[in-house]
Amino acid sequence: MFSQYNRGFSLLELLVVVVIIGILATMFTLSIGLTSGDRELEREIDRLEALLQLASEDAVLRGRELGIRFYPDAYEFSALDPVENRWVVVAGDPLLRERKLEQDVELVVTIEGRELDLEKASEERDEWLQANTGQDPEDEEAEEDDEKKAAYRPQVFLFSSGDLSPPFKVEMRRQFGDLRLMLEINEFGEMELTRDSF
């Protein structure tokens, strides 16, 4: 005779196990999707792309020369002052204001196959800001400060003709992430966004 303990699983027990496995598989799939995708990083590169398009259109419509300068943790737009013939950081514009990146976002900018030294650009910005803090005109270093004021230049130029120079590539990624977003811009201002996992 067979004992009642050897009869196997009931259909209800099998269905419960299948449902539990399905729930666990869904949770695993969702967690993998959340780690491989990064909405904030994608939003940041989309914002840069939109701002570059806006700045390019603004340069054409207003007939002014604009530029952009990248730093390890930010980027900013500047305009050529036609009276003083020097570049001035755009201030008071809610759209073309300086943009800070999240703390763990890494920025890599490549121009003509050469990676920019963003740390050096940050040091140059600090020197430029120091020279623009309103030094005493009788100061012996005033002439040197005037040279520093005039020395500020964007890394990329957005011309009133609609052209952009030089063509460049921006790469954004998290310090400990596996997603890399790359925005390539050619001399005509055409942009191509690609995703890459590494």
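Biologist: Asp126 lies in helix H3; why is Asp126 called partly exposed?

Modeller: The model is a predicted one, in which local features need pLDDT of at least 70 and side-chain atom pairs count only at pLDDT 80 or more, while totals for chains, interfaces and linings use all residues. Residues are numbered from 1 along each chain as its sequence is written, and side-chain values use heavy atoms, with hydrogens and water left out. The relative accessible area of Asp126 is 46%, and buried means under 20%, exposed over 50% and partly exposed in between, with a 1.4 Å probe and protein chains only. Asp126 is therefore partly exposed. The helix itself is a DSSP run (H or I, at least four residues; strands are E runs of at least two), numbered from the N terminus.

Biologist: What makes the surface around Glu115, Asp117, Glu119, Glu123, Asp126 and Glu127 a patch of negative charge?

Modeller: These residues gather on the surface, and Asp and Glu count as negative, as Lys and Arg count as positive, with His and the chain ends left uncounted. A patch takes residues with over 30% relative accessible area and no salt bridge, like charges being joined within 9 Å and nonpolar side chains (Val, Leu, Ile, Met, Phe, Trp, Tyr) within 5 Å; the place of a charge is CG of Asp or CD of Glu, and NZ of Lys or CZ of Arg. Helix H3, residues 118-131, gives the most to this patch, with four residues.

Biologist: How do you know that Ile23 is partly exposed?

Modeller: The relative accessible area of Ile23 is 47%, so Ile23 belongs to the partly exposed class. Ile23 is found in helix H1, which spans residues 11-36, and together with Leu12, Val16, Val19, Ile20, Leu24 and Met27 makes a nonpolar surface patch of about 690 Å².

Biologist: How many aromatic pairs are there by the ring rule?

Modeller: The count comes to six aromatic pairs. In one of them the rings of Phe70 and Phe168 have their centres 5.8 Å apart and their planes at 50 degrees, so the pair is tilted. With Phe70 in strand E1 (residues 66-70) and Phe168 in strand E9 (residues 168-174), this pair ties together parts that are 98 residues apart in sequence. In another, Tyr75 and Phe77, the centres are 6.5 Å apart and the planes are at 80 degrees, so that pair is edge-to-face. The rule pairs rings of Phe, Tyr and Trp (its six-membered ring) when their centres lie within 6.5 Å, and calls planes under 30 degrees apart stacked, over 60 edge-to-face and the rest tilted.

Biologist: Are Phe70 and Phe168 buried or exposed, and what do ring pairs make of Phe70, Tyr75, Phe77 and Phe168?

Modeller: Both Phe70 and Phe168 are buried, as are both Tyr75 and Phe77, and ring pairs link these four residues into a cluster.

Biologist: What makes Lys100 and Glu98 a salt bridge?

Modeller: Their closest N and O atoms are 4.0 Å apart, and a salt bridge asks for a side-chain nitrogen of Lys or Arg within 4 Å of a carboxyl oxygen of Asp or Glu, so the pair qualifies. Lys100 is exposed, at 51%, whereas Glu98, at 31%, is partly exposed.

Biologist: How do you know that Glu106 and Arg173 tie together parts that are apart in sequence?

Modeller: Glu106 forms a salt bridge with Arg173, the closest N and O atoms being 3.1 Å apart. Glu106 lies in strand E5 (residues 105-111) and Arg173 in strand E9, so the pair ties together parts 67 residues apart in sequence. Arg180 and Asp196 form another salt bridge, at 2.4 Å between the closest N and O atoms, and this pair links strand E10 to strand E11, 16 residues apart. Salt bridges that share partners join Glu106, Glu171, Arg173, Arg180 and Asp196 into one network, and the structure holds 16 salt bridges.

Biologist: Why does Val170 count as buried?

Modeller: The relative accessibility of Val170 is 0%, so Val170 counts as buried. Val170 has its place in strand E9, and its C-alpha is 5.2 Å from that of Leu183, although the two are 13 residues apart in sequence.

Biologist: What is the phi of Asn85, and why does Asn85 count as exposed?

Modeller: Phi of Asn85 is near 55 degrees, a positive value in a residue other than glycine. Asn85 reaches 60% relative accessibility and therefore counts as exposed, in the loop between strand E2 (74-81) and strand E3 (86-89).

Conventions:
Areas by Shrake-Rupley, 256 points an atom, 1.4 Å probe, with all protein chains shown as cover.
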